[in-house]
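The following exercises ask the reader to work through a protein model by inspection. Each task is followed by a solution in steps.

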Amino acid sequence: MIEEKIEAAFDAYDQGDDKEAYRLFDEMKNELTPGTEDYVTYQHALGYLYITEQKFDTARAHYLEMLAATTAEEKPAILHQLGTVEQLDSEFEQAADYFQQEERLLDAHDVESFAANYYAQGYTKMLSGDYEGALLILTKARDHAQDEISQAYAERALGELYAAQSQPVEAKDYFSQAKKHFRVAGDEVGAAEIEMLESIIFE
């Protein structure tokens with residue numbers, strides 16, 4: 001039920017009807033009980049909407065409020081979202097801090113979550129200009145990847161990293177591998193985005 005309402009809200013947003021999207025989120029808030037699994041799902045979805053709209057201050061406040069009231073089990077996911085907000089807002093030092101906090105709380109056996117965390121940390125280092133640090137941790141993200149999509153994103157990031165260092169041979173190799181993984185996963189959009197990126201970088 002909650003998933004259907006969230007989908008309807010994002011459909012409205014995609015069609016340009018922001019008011020309807022927020023009306024549906026307000027409706028969900030009034031119907032749900034704080035602390036339940038559905039309420040947490042609603043909170044994450046609302047935070048994602050704020051991020052999509054680049055309302056970084058609002059998203060930041062939203063996730064900090066969630067963090068203050070959450071259980072230990074939920075903390076890593078919220079810290080990851082806070083790191084994402086800071087990364088998108090070019091606050092790379094704060095983003096790195098949140099991702100490092102998340103890493104320390106992850107279950108040692110949760111390889112998939114470590115892959116996502118390493119990717120986020122590595123991409124943040126790349127954006128901040130720490131190419132050596134980015135290479136080390138993006139390689140860890142690739143090695144921890146448990147599926148084609150995770151592998152594709154790590155290799156795309158490595159391609160971007162080498163392109164930023166004017167190493168086109170290595171960049172093209174990683175982009176090629178990333179496209180292959182996206183296509184195996186059936187994600188033609190992901191592959192097409194890399195081709196567009198290549199046309200810009202290597203024109």
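**Exercise 1. A salt bridge between Glu188 and Arg183**

Glu188 is partly exposed, with a relative accessible area of 47%. The model is a predicted one.

Task: Determine which residue forms a salt bridge with Glu188, and classify the exposure of both partners.

Solution.
- Step 1. The partner of Glu188 is Arg183, and the closest N and O atoms of the pair are 3.4 Å apart. A salt bridge requires a side-chain nitrogen of Lys or Arg within 4 Å of a carboxyl oxygen of Asp or Glu.
- Step 2. For Glu188, the relative accessible area is 47%. The class "partly exposed" lies between the limits of 20% and 50%, so Glu188 belongs to it.
- Step 3. Arg183 has 36% relative accessibility and is therefore also counted as partly exposed.

**Exercise 2. The overall fold**

Task: Describe the secondary structure of the protein chain and decide how its radius of gyration stands against the globule rule.

Solution.
- Step 1. The protein chain contains 11 helices and 0 strands. In sequence order, its pattern reads α-α-α-α-α-α-α-α-α-α-α.
- Step 2. For 203 residues the globule rule gives 17 Å, and the radius of gyration of the protein chain is 18 Å; the two values are close, so the chain is as compact as a globular protein of that length.
- Step 3. The C-alpha trace spans about 55 × 40 × 30 Å along its principal axes.
- Step 4. Buried residues make up 43% of the 203 residues of the protein chain.

**Exercise 3. Salt bridges that join helices**

Task: Find how many salt bridges the whole structure holds, and examine the pairs formed by Lys5 and by Glu198.

Solution.
- Step 1. The search of the whole structure yields 15 salt bridges. Side chains of opposite charge can pair when their charged atoms come close.
- Step 2. Lys5 pairs with Glu27, with 2.8 Å between the closest N and O atoms. This pair links distant parts of the chain, since Lys5 is in helix H1 and Glu27 is in helix H2 (residues 18-31), 22 residues apart.
- Step 3. The two partners fall into separate classes: Lys5 is buried at 14% relative accessible area, whereas Glu27 is partly exposed at 26%.
- Step 4. The bridge of Lys5 and Glu27 belongs to a wider arrangement, for Lys5, Glu20, Arg23, Glu27 and Glu31 are linked in a network of salt bridges.
- Step 5. Glu198 and Lys179 meet through their side chains in a salt bridge of 2.9 Å, N to O. Glu198 is in helix H11 (residues 188-201) and Lys179 is in helix H10 (residues 168-184), so that distant parts of the chain, 19 residues apart, are linked.
- Step 6. Glu198 is buried at 15% relative accessibility, and Lys179 is buried at 14%.

**Exercise 4. Surface patches**

Task: Identify the residues of the negative surface patch and of the nonpolar patch, and state which helix gives the most to the negative patch.

Solution.
- Step 1. The negative patch consists of Glu3, Glu4, Glu7, Asp11, Asp14, Glu37 and Asp38. Helix H1 (2-14) and helix H3 (37-52) are the elements that each give two or more residues to the negative patch.
- Step 2. H1 gives the most, with 5 residues.
- Step 3. Asp14 lies in helix H1; at 60% relative accessibility, Asp14 is exposed.
- Step 4. The nonpolar patch is formed by Met196, Ile200 and Ile201, which together have about 300 Å² of accessible area.
- Step 5. Met196 is in helix H11 and is exposed, at 56% relative accessible area.

**Exercise 5. Loop residues**

Task: Locate Ser90, Ser166 and Asp17, and report the backbone or distance values given by the model for these residues.

Solution.
- Step 1. Ser90 occupies the loop between helix H5 (75-88) and helix H6 (92-105). Although Ser90 is not a glycine, its phi is positive, at about 60°.
- Step 2. Ser166 occupies the loop between helix H9 (148-164) and H10. Ser166 likewise is not a glycine, yet has a positive phi of about 55°. At 61% relative accessibility, Ser166 is exposed.
- Step 3. Asp17 is in the loop between H1 and H2 and is partly exposed, at 38% relative accessibility.
- Step 4. Asp17 and Glu188 are 171 residues apart along the chain, and 27 Å separates their C-alpha atoms.

Conventions:
Residues numbered from 1 in each chain as written. Predicted model: local features only at pLDDT ≥ 70, side-chain atom pairs only at ≥ 80, totals over all residues. Heavy atoms only, no water. Patch = residues over 30% accessible without salt bridge, like charges linked within 9 Å, V, L, I, M, F, W, Y side chains within 5 Å. Areas by Shrake-Rupley, 256 points an atom, 1.4 Å probe, with all protein chains shown as cover. Lys, Arg positive; Asp, Glu negative; His and termini not counted. Charge placed at Lys NZ, Arg CZ, Asp CG, Glu CD. Helix = DSSP H or I, 4+ residues; strand = E, 2+ residues; numbered from the N terminus. Buried < 20%, exposed > 50% of the residue type's maximum accessible area, 1.4 Å probe, protein only. Rg over C-alpha atoms; globule rule 2.2 N^0.38 Å.
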